[in-house]
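Subject: A structure for you to look at

Hi there,

Here is the structure I promised to pass on. Have a look at it first, and then read on for what I found.

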Amino acid sequence: MTRSSRLQKVLFSAALLLAGASFNGGSALSQAVAVGGQVTDEIREFCSNIADAAKDRRYALQVQELETLKKDIDMRVAQLEAKRAEYETWLKRREEFMASAERGVVDIYSKMKPDAAAERLSDVEPMLAAAILMKLNTRQAGFILNEMNRKAAAELTGIMAAASRPQDPT
């Protein structure tokens with residue numbers, strides 16, 4: 001065997017061993033023993049000469065992968081922040097609408113005649129009726145309760161009294 005073909009064979013074997021070692025995380029020499037069963041001085045010298053370069057390349061690949069993952073995470077965080085801001089804007093608009101609607105309903109009942117308001121509130125869910133009455137001034141609420149039947153007025157009064165307690169009314 002000529003020296004150049006022998007050198008090519010040694011270099012090829014060492015390159016294969018180093019490639020496998022860098023992917024498997026093992027040392028090139030232990031890979032060489034496992035594959036060829038024998039380690040020549042040339043293979044040992046070649047592996048020791050390029051071991052640092054292989055480690056540096058492996059480290060560079062890991063750093064590159066971490067940078068890619070970091071960019072992906074940063075992008076996802078930005079998307080989540082945009083969604084959060086969108087939801088906060090939507091929630092603020094909803095709360096403003098609900099407050100406006102609530103003021104509108106209270107204004108409507110405050111301008112109604114007490115007997116008409118009493119009749120309408122008798123048909124509404126008791127919790128909602130009590131909430132509306134609590135938002136009215138006390139004189140208007142009193143006139144409306146006075147126009148209701150006794151049982152409905154008593155139920156609404158009980159709900160309003162429970163709601164004004166400092167403890168949980170449930």
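The buried residues of helix α7 pack against two other helices, α5 (126-135) and α6 (138-147). Those buried residues are A152, A153, L156, I159, M160 and A162. Please keep in mind that this is a predicted model. Helix α7 itself covers residues 150-164, which makes 15 residues, and its first and last C-alpha atoms lie 21 Å apart, close to the 21 Å expected at 1.5 Å a residue. At its N-terminal end you will find a cap: a side-chain oxygen of N149 sits 3.2 Å from the backbone nitrogen of K151.

Now for α6, one of the partners of α7. Its buried residues are A141, I144 and L145. Looking down the axis of α6, you would see them fall within an arc of 100°, so they line one face of the helix. Why can residues a few places apart share a face? An α-helix has 3.6 residues a turn, so residues three or four places apart point the same way. On the face of α6 turned away from the buried side are the exposed residues R139 and N146. The buried residues of α6 pack against α3 (41-111), α4 (114-123), α5 and α7. The start of α6 also has a polar contact, in which a side-chain oxygen of N137 comes to within 3.1 Å of the backbone nitrogen of R139.

These helices meet again in the largest nonpolar core, which has 18 residues. L121, L133, L136, I144, L145, M148 and L156 have the most contacts inside this core. Helices α3, α4, α5, α6 and α7 each give two or more residues to it. If you want one residue to start with, try L133: leaving aside residues up to four places away in sequence, L133 touches L121, A141, I144, L145, L156 and M160.

Stepping back, the protein chain has seven helices and zero strands. Of its 170 residues, 17% count as buried. Among contacts with a separation of 6 or more, 52% join residues 24 or more positions apart.

How confident is the prediction? The average pLDDT of the chain is 81, and 75% of the residues score at least 70. Over residues 31-35, pLDDT stays under 50, and the model has nine contacts beyond four places in sequence for this stretch. Where pLDDT is low, the predicted coordinates should not be read in detail.

Enjoy exploring!

Best wishes

Methods. Residues numbered from 1 in each chain as written. Predicted model: local features only at pLDDT ≥ 70, side-chain atom pairs only at ≥ 80, totals over all residues. Heavy atoms only, no water. pLDDT = per-residue confidence, 0-100. Contact = heavy atoms within 4.5 Å. Helix = DSSP H or I, 4+ residues; strand = E, 2+ residues; numbered from the N terminus. Expected span 1.5 Å × (residues − 1). Buried < 20%, exposed > 50% of the residue type's maximum accessible area, 1.4 Å probe, protein only. Polar contact = N/O pair within 3.5 Å; in protein donor to acceptor, adjacent residues only side chain to side chain. Arc of directions from axis to C-beta. Core = buried A, V, L, I, M, F, W, Y, C linked by side-chain atoms within 4.5 Å.
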